[in-house]
Amino acid sequence: MSQAAAHLSNDPVEQARRLLDRDDHSLQQLADAIGIGPHALLRRFRARFGLTPAEYRAQRRLQAFKRGLRAGADVTTALYDAGFGSPSRIYENGAARLGMTPARYRRGGEGETLRWTVIDTRLGRALVAVTARGVCAVSLGEDETTLEAELRAEFPHATLERVDAGADEFVAPRVRAVAEALQGRRLHGQLPLEVVGSAFQHKVWQALMRIPPGQTRSYGEIAAAIGAPRAVRAVARACAQNRLAVLVPCHRVIRGDGSLGGYRWGLPRKQALLAAEKADV
């Protein structure tokens with residue numbers, strides 16, 4: 001066993017996560033299995049993953065349910081295969097609890113806690129904000145005060161906590177992933193995102209995330225890809241309303257004539273991102 005693997009196997013929080021990946025366990029059962037007090041485990045697990053063990057398991061079930069649906073299973077089969085004991089459980093443990101609903105977003109993030117930090121990149125300053133479910137904002141700019149003001153204006157009723165990216169083990173890996181993406185590097189694995197928008201916006205943003213790094217698509221091609229070929233202007237608006245720079249790669253969308261079009265964070269940054277991605281391919 002490698003040194004890194006040995007370290008993981010001796011990490012009680014990682015042991016708890018692996019147990020939850022395999023089956024349901026109460027907090028006390030987890031604590032007994034790995035030899036750590038339940039309150040200490042709860043505190044350390046939440047610090048590592050931003051979720052309680054129960055919320056983590058519920059999120060894993062919801063992801064399994066969605067994978068089953070995407071694979072073509074009917075709702076009932078996908079539901080029970082994911083471990084939900086009855087149809088009502090999907091609503092008790094589903095997206096309403098594990099994601100920021102549009103209604104909550106419209107209320108300025110009321111009841112949400114966002115942890116955020118600002119990092120220096122070759123494209124200027126980048127503000128990265130996360131909820132317990134994933135990255136909810138990546139904004140680019142030159143002035144840290146302006147970036148913070150924009151975040152507070154978007155989530156005026158949320159609890160905002162600034163953290164040192166190197167000192168928070170939940171935020172730090174997400175910030176590193178954003179920094180690598182800003183360098184034009186491919187993300188390894190799936191980075192959890194907190195994406196809030198209309199059904200149409202979600203279709204557009206999902207189409208953007210399917211564009212391979214180093215490639216571009218026109219607004220018209222995206223409209224056609226989501227089955228709305230006449231909605232080119234609406235696609236452009238959805239790109240402009242994207243709050244997750246690089247992670248939802250609206251910089252990969254250009255005009256039909258090959259020109260860059262617009263970019264929420266400035267055309268020089270769009271040019272630099274595209275050039276970096278092409279160089280990394």
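**Entry 1: salt bridges**

I began with the charged side chains and found 14 salt bridges in the structure. I note here that the model is a predicted one.

I looked up Arg17 and found that its salt-bridge partner is Asp21, with 2.6 Å between the closest N and O atoms. I then checked where the two residues sit: Arg17 and Asp21 are four residues apart in helix α2 (residues 12-22), so about one helical turn separates them. For solvent exposure, I recorded a relative accessibility of 19% for Arg17, which counts as buried because the limit is under 20%. Asp21, at 26% relative accessibility, counts as partly exposed.

I next turned to Glu144, which forms a salt bridge with Arg125; the closest N and O atoms are 2.6 Å apart. Glu144 belongs to helix α10 (residues 144-154) and Arg125 to strand β2 (residues 124-130), so this pair ties together parts that are 19 residues apart in sequence. I found Glu144 partly exposed, at 23% relative accessibility. Arg125 is also listed in my notes as partly exposed, at 25%.

Within α10 I located a further salt bridge, between the side chains of Arg152 and Glu148, at 2.9 Å from N to O. Both residues lie in helix α10, four residues apart, which is about one turn of the helix. I noted a relative accessible area of 38% for Arg152, which is partly exposed. Glu148 is partly exposed at 23%.

I then asked which residues are joined into one network by salt bridges that share partners. I found Glu14, Arg17, Arg18 and Asp21 connected in this way.

**Entry 2: packing of α12 and α14**

I examined the packing of helix α12 (residues 199-209) with helix α14 (residues 232-240) and obtained an angle of about 75 degrees, with the axes 9 Å apart. I therefore entered α12 as roughly perpendicular to α14, since angles of 65 to 115 degrees fall in that class.

I listed the residues at this contact. On the α12 side they are Phe200, Gln201, Val204, Trp205 and Leu208. On the α14 side they are Ala234, Val235, Ala238 and Cys239. I sorted the contact of α12 with α14 by class and counted eight nonpolar residues, one polar residue and no charged residues.

**Entry 3: the sheet**

I traced the strand order next. Four strands form an open sheet in the order β3-β2-β1-β4, and the pairing is mixed. I identified β3 (135-141) and β4 (159-162) as the edge strands, each of which pairs on one side only. Neighbouring strands of this sheet are turned by 25 degrees against each other on average, with direction ignored.

I looked in detail at strand β1 (residues 113-121), which pairs with β2 in the antiparallel sense over seven bridges. I also asked which residue in β2 is the bridge partner of Ile119. That partner is Ala126.

**Entry 4: helices on the sheet**

I returned to α10 to establish its place relative to the strands. Helix α10 lies across β1, β2, β3 and β4, and runs at about 30 degrees to β2. Helix α11 (residues 171-182) packs on the sheet as well, and I found it touching β1, β2 and β3. The direction of α11 makes about 40 degrees with that of β1.

Note on methods: Residues are numbered from 1 along each chain as its sequence is written. This is a predicted model: local features need pLDDT of at least 70, side-chain atom pairs count only at pLDDT 80 or more; totals for chains, interfaces and linings use all residues. Side-chain values use heavy atoms; hydrogens and water are left out. A salt bridge is a side-chain nitrogen of Lys or Arg within 4 Å of a carboxyl oxygen of Asp or Glu. Buried means under 20% relative accessible area, exposed over 50%, partly exposed in between (1.4 Å probe, protein chains only). Axes are lines fitted to C-alpha atoms, for helices over the stretch in contact, and angles run from 0 to 180 degrees between N-to-C directions. Angles under 35 degrees count as roughly parallel, over 145 as roughly antiparallel, 65 to 115 as roughly perpendicular and the rest as oblique. Contact means heavy atoms within 4.5 Å. Ala, Val, Leu, Ile, Met, Phe, Trp, Tyr, Cys and Pro count as nonpolar, Asp, Glu, Lys and Arg as charged, and the others, Gly among them, as polar. Two strands pair if DSSP finds at least two bridges between them.
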